[in-house]
Structure formats: structure tokens, C-alpha cells
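User: I'd like to go through this model and hear the reasoning behind some of the labels. Can you take me through it?

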Amino acid sequence: SSFKYLGVHISNDLTWTCNTASIIKKAHQRLYFLRKLKHAGLSTLVLTSFYRCVVESVLTSCITVWYGNCSAADRKALQKVVKSAQKNHVTASLPLRTCTSAGARAEPQTS
């Protein structure tokens with residue numbers, strides 16, 4: 001079982017599968033509207049703005065809390081959502097370059 005605290009689903013065993021499933025469900029609901037906007041003929045710039053404001057904000061909500069410990073399967077499922085947005089000609093990415101597997105901020109490497 002799990003409970004929801006500040007929008008994050010926390011399970012008894014401290015896995016993030018329930019949280020990830022909830023986020024993916026919300027993102028898919030919002031991607032529906034992205035597809036409708038694309039069919040209405042809006043520009044790529046507008047579609048990308050919509051994605052960043054409406055979909056990406058859901059995907060990255062409290063990401064520093066849960067992403068570092070989510071499973072590889074959960075990460076793959078999140079990437080599927082991003083790829084489905086890219087199919088709509090949206091410049092989409094999951095801003096994970098600042099997150100490492102430990103959830104800490106990655107420092108740029110100098111050579």
C-alpha cells in the first residue's frame with residue numbers, strides 16, 4: 001500500500017513504481033491534448049511550449065526525490081512518454097542530465 005504526500009506516492013517498501021505509474025498516467029492524459037493541438041495545425045514552437053508547460057512539468061514534479069531510486073523499468077517507461085511526445089514533432093526530453101543515479105546534481109567534467 002502507499003500514500004500520497006505533496007503529490008508524491010510513497011509506498012511502504014519505498015519503491016517508486018506507484019509514483020511513476022501515476023506520473024505516466026497524468027502525462028498520457030496531457031499528451032492527448034498535445035495530439036489534438038497538432039491536428040489543429042499549431043506550430044512546432046507552440047506545441048513545444050505546451051509540452052514543456054503541461055507535460056514536462058508533470059514528469060519532473062519532485063524528480064529529485066524519486067528519480068534516483070526508481071527502477072530501470074520505471075525510467076524506461078518515462079522515456080516512452082517522452083518519445084511519444086517526440087512523435088508529435090515536439091522537441092521533448094526528460095531533463096535528467098542534472099540527475100545522477102544517486103539523485104545528486106551532476107557536475108560538468110573538465111579535461
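Analyst: Sure. Keep in mind that this is a predicted model. A good place to begin is Tyr5, which lies in strand β1 (residues 2-5).

User: Why is Tyr5 called exposed?

Analyst: Its relative accessible area is 52%. The label needs over 50%, so Tyr5 counts as exposed. Tyr5 also helps make a nonpolar surface patch of about 380 Å², together with Phe3 and Leu6.

User: And Trp16, how do you know whether that one is buried or exposed?

Analyst: Trp16 sits in the loop between β2 and α1. Its relative accessibility is 9%, and buried means under 20%, so Trp16 goes down as buried.

User: What does Trp16 touch, leaving out residues up to four places away in sequence?

Analyst: Val8, His9, Ile10, Val65, Trp66, Asn69, Cys70 and Asp74. Take Val65: 49 residues separate it from Trp16 along the chain, yet their C-alpha atoms are 9.9 Å apart.

User: How do you know that the reach of α1 is close to what's expected?

Analyst: Helix α1 covers residues 17-39, which makes 23 residues. From first C-alpha to last it reaches 33 Å, and the expected figure at 1.5 Å a residue is 33 Å, hence "close". Just after α1, Gly41 takes a positive phi of about 90 degrees.

User: Which residues of α1 are buried, and what covers them?

Analyst: The buried ones are Asn19, Thr20, Ser22, Ile23, Ile24, Ala27, Leu31 and Leu34. Their cover includes β2 (8-11), α2 (44-59), α3 (63-66) and α4 (72-86).

Definitions and conventions. Residues are numbered from 1 along each chain as its sequence is written. This is a predicted model: local features need pLDDT of at least 70, side-chain atom pairs count only at pLDDT 80 or more; totals for chains, interfaces and linings use all residues. Side-chain values use heavy atoms; hydrogens and water are left out. Helices (H or I, at least four residues) and strands (E, at least two) are DSSP runs, numbered from the N terminus. The expected span of a helix is 1.5 Å times one less than its number of residues. Buried means under 20% relative accessible area, exposed over 50%, partly exposed in between (1.4 Å probe, protein chains only). Contact means heavy atoms within 4.5 Å. Patches are made of residues with over 30% relative accessible area and no salt bridge: like charges are joined within 9 Å, nonpolar side chains (Val, Leu, Ile, Met, Phe, Trp, Tyr) within 5 Å. Accessible areas come from the Shrake-Rupley method with a 1.4 Å probe; for residues, only the protein chains shown count as cover. A salt bridge is a side-chain nitrogen of Lys or Arg within 4 Å of a carboxyl oxygen of Asp or Glu.
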